[in-house]
Amino acid sequence: AAGIAVRMIADLIVSKASDPAVLICDEKGKFVVPILSGHIGGANKLALELAAKLGMTPVITTATDLNAVFAIDTWAVENDYAIADISKIKLISAALLRGETIGLASDFPIDTALPKGLTYANSGPLGICISYDKDKAPFDSTLTLVPKAITLGAGCKKDTRIEAFANFVAEYFLPESIVKLASIDIKAQEPCLLNFANKYKAEFTVFTAAELAAVAGDFSTSSFVQSVTGVDNVCERAVVLAGDTELYLHKTSRNGMTIAATAATDWRVRF
């Protein structure tokens, strides 16, 4: 029964950004109903799949689905984008449901036709921006989507708290957009880096000092880092070895933490 399910999960609901899909099925197996996280958590999609396999009737109640309107949050999740400000989703959806046209600005090539209701624009009252820059806001009210295609090279002093590291990273990137985290092998068991990678579902890889030293490129150098690790730079060399050859963010340091980043240069947008 829906009432029982709602009461059971009520204290566990945290945020539209992180809540998982929750579905209910009646005891006779007639209906399957998404009751939480229909779009971002994928409950609507799962309900349709279950209904098809089990001969049930899916009960979908989200307005964009009922009115065949483009759902930007569903598209973002299915196409590997992190959402900078989730509160802007309802503004986009409401405008599309009213039949309004929404502007779209993109730092990347768009290979397909735009969904109904979207148009190319670089300014206006409300719109969508696709960029690695999480703070880019060409519209008065902007929903910024960041491709999950950023590789982060990192180092930190022992026992750095994950909260401090995540806050440091968040000044430059959406942590959810980090797909790879790279460092030196002496940091392979560093709790801060392991916990960050686990929390944000990033692949964590490490390299030896010799592997890092062999990377060709123009990197910042530090005699102190050389004396501790055996190589003059960890974050920039590690990120180039794990990601792309062109640095998107050069070495940046604070309170015993260092990061550098690359971003996929061949990202393309497809609807």
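Modeller: Two strands pair if DSSP finds at least two bridges between them. With that in hand, the sheets of this predicted model can be read.

Biologist: What is the order of the strands in the open sheet of 5 strands?

Modeller: The order is E11-E10-E9-E13-E12, and the pairing is mixed. From one strand to the next the twist averages 25 degrees.

Biologist: Which strands stand at the edges, each with a single partner strand?

Modeller: Those are E11 (203–207) and E12, so one side of each is left without a neighbour in the sheet. E12 is joined to E13 (residues 257–263) by 4 bridges, and the two run antiparallel. To find one of these contacts in the view, start at Leu-249, whose bridge partner in E13 is Ala-261.

Biologist: Which helices lie across these strands?

Modeller: H6 lies across E9 (150–156), E12 and E13, at about 45 degrees to E13. H7 (residues 191–199) lies across E9, E10 and E11, and runs at about 165 degrees to E10.

Biologist: Now E7. Is strand E7 mostly covered or exposed?

Modeller: The general idea is alternation: in a regular strand the side chains point in turn to the two faces of the sheet. E7 (residues 126–130) is mostly covered, with 5 of its 5 residues buried. Leu-126, Ile-128 and Ile-130 are on one side, Gly-127 and Cys-129 on the other, and both faces are covered.

Biologist: Which strands pair with E7?

Modeller: E5 (residues 102–106) runs parallel to E7 and is joined to E7 by 4 bridges. E8 (residues 141–147) also pairs with E7 in the parallel sense, over 5 bridges. Ile-128 is a useful marker: Ile-128 is the bridge partner of Leu-104, and the bridge partner of Ile-128 in E8 is Leu-143.

Biologist: Next, the interior. Which residues of the largest nonpolar core touch the most other members?

Modeller: Of its 50 residues, they are Ile-72, Trp-75, Leu-145, Leu-152, Phe-165 and Phe-196. Helix H6 (residues 162–170) gives the most to this core, with 5 residues. Apart from it lies another core, of 10 residues, including Ala-182, Val-225, Ala-238 and Ala-242.

Biologist: What is Phe-196 in contact with, leaving aside its neighbours within four places in sequence?

Modeller: Phe-196 is in contact with Leu-152, Ile-162, Phe-165, Ala-166, Val-169, Pro-175, Ile-178 and Leu-181.

Biologist: How many aromatic pairs does a search of the whole structure find?

Modeller: The search finds 11. For Trp-75 and Tyr-81, the ring centres are 4.8 Å apart with 25 degrees between the planes. Planes under 30 degrees apart count as stacked, and so this pair is stacked. Both Trp-75 and Tyr-81 are buried.

Biologist: Which pair is tilted, with 40 degrees between the planes?

Modeller: That is Phe-173 with Tyr-248, at 6.0 Å centre to centre. Phe-173 lies in the loop between H6 and E10 (178–184), and Tyr-248 in the loop between H10 (235–242) and E12 (249–254), so the pair ties together parts that are 75 residues apart in sequence.

Biologist: Is Phe-173 buried or exposed?

Modeller: Buried means under 20% relative accessible area. At 2% relative accessibility, Phe-173 counts as buried, whereas Tyr-248, at 41%, counts as partly exposed.

Biologist: Which residues do ring pairs link into a cluster?

Modeller: The cluster holds Phe-70, Trp-75, Tyr-81, Trp-267 and Phe-271. Trp-75 thus appears again, having been listed among the residues that touch the most other members of the largest nonpolar core.

Terms used:
Residues are numbered from 1 along each chain as its sequence is written. This is a predicted model: local features need pLDDT of at least 70, side-chain atom pairs count only at pLDDT 80 or more; totals for chains, interfaces and linings use all residues. Side-chain values use heavy atoms; hydrogens and water are left out. A nonpolar core is a set of buried Ala, Val, Leu, Ile, Met, Phe, Trp, Tyr and Cys residues joined through side-chain atoms within 4.5 Å. Buried means under 20% relative accessible area, exposed over 50%, partly exposed in between (1.4 Å probe, protein chains only). Contact means heavy atoms within 4.5 Å. Rings of Phe, Tyr and Trp (its six-membered ring) pair if their centres lie within 6.5 Å; planes under 30 degrees apart count as stacked, over 60 as edge-to-face and the rest as tilted. Axes are lines fitted to C-alpha atoms, for helices over the stretch in contact, and angles run from 0 to 180 degrees between N-to-C directions.
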